[in-house]
Amino acid sequence: MTSPRQQRPNYVSRKASLFTESVIREMTREAMKYGAVNLSQGFPDFAAPDDIKRVAMQAIADDINQYAITWGARDFRQAIASKTLWYLGLEVDPETELTVTCGSTEGMIAAMMACVDPGEEVILFEPFYENYAPDAILSDARPRYVSLRAPDWTFDREELRAAFNERTKAIIVCNPNNPTGKVFTRDELEFIAALCREYDALCFTDEIYEHIIYPRDAVEDTDATAAPQHISMAQLEGMRERTVVVNSMSKTYSVTGWRVGYVLAPPEITNAIRKVHDFLTVGAAAPLQAAGAYALSLPPEYYAKLQSEYLARRDLLLPVLEEAGFRTFRPDGAYYIMTDISAFGFPSDVEFTRHLIRDIGVACVPGSSFYSHPELGAQQVRFCFCKKDSTLIAAAERLKKLGMRAEG
Ligand SMILES: Cc1ncc(COP(=O)(O)O)c(C=O)c1O
């Protein structure tokens, strides 16, 4: 006798079978396997600041080794509130409006699970950061996609308006944007905000690159007001009460492995997020939250230096990619460069990436992993530049081989 289960094993849930492993993280494993210079996954290969590390080590020595308060250590939440007031001009109550999470990754999924009911729609701009599609599936949301179009990754306002309807629960905005490097303008954000207000929708905004924004060169920017500037959706009128800001220590303090993030939301939403967060993870690492309290109290000069160092890295990699034959889309923020690979004549981004990793020795991420319809990204790949100069220079050396192949 065979049981129904033996005939057709179904140990894996429908939800889990609806998405694949992360392509970004897979590219890192491929890079390790083939010894490629890894410009795929967005993590720094340089050291985190010494003083932040020292505070973390001291916290362990001081026995901050047990669970912190589930929604975050009080000192850390206080530091987040003070920094948010300084940087965004927003008053935040650390007792009722903040939840500390295991990275912004957990922050986003906890917020979506706390707010979205089955069948409600969530609007996503595409290309999108890879996690949002599985986030939508895991939270039972129905994703609706609206295109960001190269070269400047703007959206069609009519297309966005048409995506909103009475089933819309929320829109996800990633600003500054991964993978495109787009920094949304005030005018664009106001347009999105007006639709959120009109349809009583929430905005989940992922702002983990809030400090990584590049000034424009004087020659290309005749209109000073066009210089990219970080504006949080929560700063716009009528949006604070309907915005969930997801943020993290990962990128700003170069500690992606610490897994410490936070979510800023109005009290009622925070309450729900805290419950989901509690049963997903209990809490983020206690000693690292102590270091977070220190990091978020650093002076403005820290952020100015971070920005100028990333600007130098961007300006190192851009010409390298262009000389190698890529068409690049110059980022205004974050630390990625999206490129067009049509000039190389490969049938797909996946085949091109395989060639780049195995034969040339440089890893990138295939563009299709950022789209709901893979064909839209079939001639794009993304490089990251959060790497030491020596790493970027090693990649440049290897990419010279690609140039020769493209010509020949
Ligand atoms: C837009 C965006 N959100 C979230 C994350 C993940 O951040 P965390 O380390 O805080 O979970 C990344 C990492 O690359 C990202 O690019």
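**Notes on the helices and loops of this predicted model**

1. A good place to begin is helix 10, where Ile-269, Thr-270, Ile-273, Arg-274 and His-277 are buried. Seen down the axis of helix 10, these buried residues fall within an arc of 135°, so they line one face of the helix. On the face turned away from that buried side you will find the exposed residues Glu-268, Lys-275 and Phe-279. Please keep in mind as you read on that this is a predicted model.

2. What covers the buried residues of helix 10? The cover includes helix 5 (74-88) and helix 6 (103-115), together with strand 2 (98-101), strand 6 (202-206), strand 7 (243-248) and strand 8 (261-264).

3. The length of helix 10 can be checked too. Its 15 residues, 267-281, should span 21 Å at 1.5 Å a residue, and the end C-alpha atoms are 20 Å apart, which agrees. Just after helix 10 comes Val-282, and the phi of Val-282 is positive, near 65°.

4. Helix 6, one of the elements covering the buried residues of helix 10, deserves a point of its own. Ten of the 13 residues of helix 6 are buried, so this helix is largely enclosed by the rest of the structure. Those buried residues are Gly-103, Ser-104, Glu-106, Gly-107, Met-108, Ile-109, Ala-110, Ala-111, Met-112 and Cys-115. The span of helix 6 also fits: at 1.5 Å a residue, 18 Å is expected for its 13 residues, and the end C-alpha atoms are 19 Å apart, which agrees.

5. Next come the helix pairs. Two packed helices are described by the angle between their axes and the distance between the axes. For helix 4 (residues 50-61) and helix 11 (residues 286-295), the angle is about 140° and the axes are 8 Å apart. The crossing of helix 4 past helix 11 is right-handed.

6. Which residues of helix 4 and helix 11 meet? From helix 4 there are Asp-51, Ile-52, Val-55, Ala-56, Ala-59 and Ile-60, and from helix 11 there are Pro-287, Leu-288, Ala-290, Ala-291, Tyr-294 and Ala-295. Sorted by class, the contact of helix 4 with helix 11 has eleven nonpolar residues, one charged residue and no polar ones.

7. Ile-60 is worth a closer look if you have the structure open. This residue sits in helix 4 and is partly exposed, with a relative accessible area of 46%. Leaving aside residues up to four places away in sequence, Ile-60 touches Asn-65 and Pro-287. As for separation, Ile-60 and Arg-197 are 137 residues apart along the chain, and their C-alpha atoms are separated by 46 Å.

8. A second pair is helix 3 (residues 23-34) with helix 13 (residues 349-360): their axes come within 9 Å and cross at roughly 35°. Helix 3 contributes Met-27, Glu-30, Ala-31 and Tyr-34 to the contact, and helix 13 contributes Thr-353, Ile-357 and Arg-358. By class, the contact of helix 3 with helix 13 has four nonpolar, one polar and two charged residues.

9. Two residues from that contact, Met-27 and Thr-353, turn up again around Cys-364. Is Cys-364 buried or exposed? At 0% relative accessibility, Cys-364 counts as buried. Its place is the loop between strand 11 (362-363) and strand 12 (365-366). Beyond residues up to four places away in sequence, Cys-364 touches Met-27, Leu-39, Ser-40, Thr-353, Leu-356, Val-381, Arg-382 and Phe-383. For those who keep an eye on cysteines, the C-alpha atoms of Cys-364 and Cys-384 are separated by 7.6 Å, with their positions 20 residues apart along the chain.

10. Two peptide bonds should be flagged. Glu-126 and Pro-127 are joined by a cis peptide bond with omega of about 5°, and Pro-127 is found in the loop between strand 3 (121-126) and helix 7 (132-138). The bond from Ala-150 to Pro-151 is cis as well, with omega near 5°; Pro-151 lies in the loop between strand 4 (142-147) and helix 8 (157-163).

11. Finally, the loop between strand 7 and strand 8 holds Ser-254 and Arg-259. Neither is glycine, yet phi is positive in Ser-254, near 55°, and in Arg-259, near 60°. Ser-254 counts as buried at 12% relative accessibility, whereas Arg-259, at 33%, counts as partly exposed.

Note on methods
Residues numbered from 1 in each chain as written. Predicted model: local features only at pLDDT ≥ 70, side-chain atom pairs only at ≥ 80, totals over all residues. Heavy atoms only, no water. Helix = DSSP H or I, 4+ residues; strand = E, 2+ residues; numbered from the N terminus. Expected span 1.5 Å × (residues − 1). Buried < 20%, exposed > 50% of the residue type's maximum accessible area, 1.4 Å probe, protein only. Arc of directions from axis to C-beta. Contact = heavy atoms within 4.5 Å. Axes fitted to C-alpha atoms, helices over the stretch in contact; angles between N-to-C directions. Left-handed = near helix turned anticlockwise from the far one by under 90°. Nonpolar A, V, L, I, M, F, W, Y, C, P; charged D, E, K, R; others polar.
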